[in-house]
Amino acid sequence: MHGLQSRLSQTLRLALLDRLSHELNADLSSSEVLKRVLNAAAEALGTPYASIIALKDRQVLAAYALGGGDRDPLPSVRLVLEDGLAGFVMYNYRTIIVNDITSNPLWLALPGDPLSPQTGSALCVPLTHAGDMVGVMTLAHPATSYFTADAVNLITMIGEMGSAALSSALLLEAAREAEKRYATLFDDVIVPIIVTDLQGHIRAVNRRACEFLGYSREEMLRLTIAAVHRMGTGPLGSDRFQSLAHGHEVHFQSKVWTRDGDERAVHVYAKRVYSAAEGDSIQWIEHDITSQLTLERLRQDLSAMMYHDMRGPLGNVYSSLQALQRLLGESADANVKALLQVATRSERQVRRMIDSLLDIQRLEEGKKLLNRANVLLNELIYAAAEQVRPQADDNRIEMRFALADDLPALYIDQDMIERVIINLLDNAIKYSPPGGTITVSTATSDGEVYLRVRDSGPGIPPEAQRVIFDKFARVKQRNMPHGVGLGLAFCKLAVEAHGGRIWVRSDTVGSTFTFALPVRAPATAELPPLGVPGPE
Ligand code: ADP
C-alpha cells in the first residue's frame, strides 16, 4: 500500500466524508457541487491531477480540472469522452484503475497539457444516480500503481455523495429555470391574468392586467377580485363558484371597472391552480370582449333593421295578392285560385319568420313584452290551427282538439304566443307521416295553463332532445336535416319571457311538446338578459 494513502486512517476518512456531506448543502449550484467533490477527492487521495465531467444523456453539461482555472476544458473533454478512459467508463458504468498510463491505450497523453500527466497511474470512476450516468471523475498521480482498493472504496463513496448532490442541484436549477420561464410567460402573455388566494385577495397580476385595468401592480395587490368585478360578497361565497373549489374551470361573462371608472365587458375563465410561488390559488383570465360585444350589437342592429325593412315589401306582396283575389273574384280558374292560395300562405309564413326573428332579438336583449292583453288560449289555438290547416290537409293529417273549457284568460302577447302554437303545429305536421293524427289539448293546474301538441311522428332521439330548443340546433347537429332551427328557440324564448316553461317528451310513436304559462302574469319590468349570466 502506498505510504500517503495508508496514512489516511479510517477516522480521517470519516471526517473527510462528514465534512463533504456538510459542504454539499442544498443551496449549491451544480458547478459548485462539481468543484467541491473534485477538491475533496483530490485531497483524500493526495493526487495532483483530477478532473470531473457532468453529463446528461452522454452530453457534457460542465467540466472542471484541478488547477484548470478559467481555461476551457471542452476540447480535451470531448477527446477523452470519444476515445479515452472517461468515455470507456461512461459507456461501461465501471471503475477503472490504470496502473501505468504509458502502456494503456485508453490513456490519452495530451502533450503540452500541464493538467494531464505523461507518466504514472490513473483512477476513473462513474458518477451514477438512480441508475443514470451523471458524470465521470478521473484522478491521476505521477507514481505508477498508486491507487489501491481502499482508494477505490473511498472515491466511490465520495462519488456517490457527489452524484446525489449534483442530481438535486441540477433538478433545482431546472425547476428554477422553469419557474423563471413561467414568470416571463405570465408577464408577457397578452391576456390579463389575475391570481388570487381562495378568499379572492389578489396575490399576483401580469403586466397586461395592470395595463387593462389601469392600476399599478402595487395597487392591484391591495384589491380583491370582487372589487375588480364588483361582485359584492366575494367569489367563493356564492354557489356559482362552488365548482371552483372542486377544481373545475368556471367561465362567465362579467364587467370590470378600470381605475378611471370605465366599464369593460369580459369573459372570465377562473380555475383553481397550485403553484410553488403562490400556493393554492385561483387564476382568473380576463378576456376583454368589449369590442366584440360592440360589433355584435352593431350586427344585431343591422339585421333588425333589415328584418324590419323586409316587412314593407312583404306587406305590398300581401295587399297585391288580396287585390288580385278580389279582382279575379269567383270567375278565377281553379288552378289560378290554388296558386294564389300558395302565394298567400307562403307570404304569411315568411312574415311569421321575420316577426319571430325580430322577437328573438328583442327577447334576447331582455326587452319588455309590449303588447300584452287578456287572451283566451283555446281561441288562439283554433286561430293557429286555421293557419296550418292547408298543410295538414295536403298531408291528410287530422288535427284533434281536447281543450279544457275552464281555462282562465291569460295576460299574454297574443301574436307572439299564436306564433309559438303555429310553430309547434307546423313541426307536428312536418314530422308526422301522411294520414297521421295530431292532438292539441289544454288543461289548468296550480296556477298554470298547459298546452300540449302530440303528434304521431317518428319521435326525437334523446341526444337531439337536449339541443332542439337551442338557436341554430339544426345547423349545429350534423345528423339533423338541413334547416335553420330557429322555430323552437323562438318558442322557448317567447314562453320564458311570459314566465312559462316549455319541454318535450318523445318516443318512437310520437312527440309531445308542452308549454305552461302562469295565470298570474309576472311583472313586466325589464326581463333579465337571456343567455348572458350576470356577474352576481
Ligand atoms: P326547424 O324546424 O326549422 O329545423 P325547429 O326549431 O322548429 O327548427 O326544430 C328543431 C329540430 O327539432 C327540427 O329540425 C327537428 O329535428 C326537431 N323537431 C321539432 N319538432 C319535431 C317533431 N314534432 N317531431 C320530430 N322532430 C321534431
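At what angle do helix 11 and helix 12 pack, and how far apart are their axes? The views below take up that pair along with two sheets, and everything shown comes from a predicted model.

**View 1. Helix 11 packs against helix 12.** Here we're looking at residues 290–328 (helix 11) and residues 334–364 (helix 12), which meet at an angle of about 160 degrees with axes 9 Å apart. Angles over 145 degrees count as roughly antiparallel, so that's the label for helix 11 and helix 12. Their crossing is left-handed. As for what lines the contact between helix 11 and helix 12, count 16 nonpolar residues, seven polar and four charged.

**View 2. Four domains, with domain 2 and domain 4 picked out.** Going along the chain, you get domain 1 (3–178), domain 2 (190–288), domain 3 (293–363) and domain 4 (369–518). Between the centres of domain 2 and domain 4 there are 44 Å, going by C-alpha atoms.

**View 3. An open, antiparallel sheet of five strands.** Read across the sheet, the strand order is 7-6-10-9-8. Strand 7 (202–205) and strand 8 (250–257) are the edge strands, each pairing on one side only. On average, neighbouring strands in this sheet are turned by 30 degrees against each other, ignoring direction.

**View 4. Strand 6 beside strand 7, with helix 6 packed on the sheet.** Strand 6 (residues 193–196) pairs with strand 7 in the antiparallel sense, over three bridges. Look for Ile194, which sits opposite Val205 of strand 7. Helix 6 (residues 149–188) packs on this sheet and touches strand 6, strand 7 and strand 10 (279–288). The direction of helix 6 makes about 85 degrees with that of strand 7.

**View 5. A mixed sheet, also open and built from five strands.** This time the order reads 12-14-15-17-16. Strand 12 (398–402) and strand 16 (501–507) take the edges with a single partner strand each, so one side of each has no neighbour in the sheet. From one strand to the next, the twist averages 15 degrees.

**View 6. Strand 15 meets strand 17, and helix 13 lies across the sheet's strands.** Strand 15 (residues 448–454) and strand 17 (residues 510–518) run antiparallel and are joined by seven bridges. Within strand 15's pairing, Val449 stands opposite Leu517 in strand 17. Helix 13 (residues 377–394) lies across strand 12, strand 14 (437–445) and strand 15. Relative to strand 12, helix 13 runs at about 170 degrees.

Technical notes: Residues numbered from 1 in each chain as written. Predicted model: local features only at pLDDT ≥ 70, side-chain atom pairs only at ≥ 80, totals over all residues. Heavy atoms only, no water. Domains from an automatic or database assignment. Pairing = 2+ DSSP bridges. Helix = DSSP H or I, 4+ residues; strand = E, 2+ residues; numbered from the N terminus. Axes fitted to C-alpha atoms, helices over the stretch in contact; angles between N-to-C directions. Contact = heavy atoms within 4.5 Å. Parallel < 35°, antiparallel > 145°, perpendicular 65-115°, else oblique. Left-handed = near helix turned anticlockwise from the far one by under 90°. Nonpolar A, V, L, I, M, F, W, Y, C, P; charged D, E, K, R; others polar.
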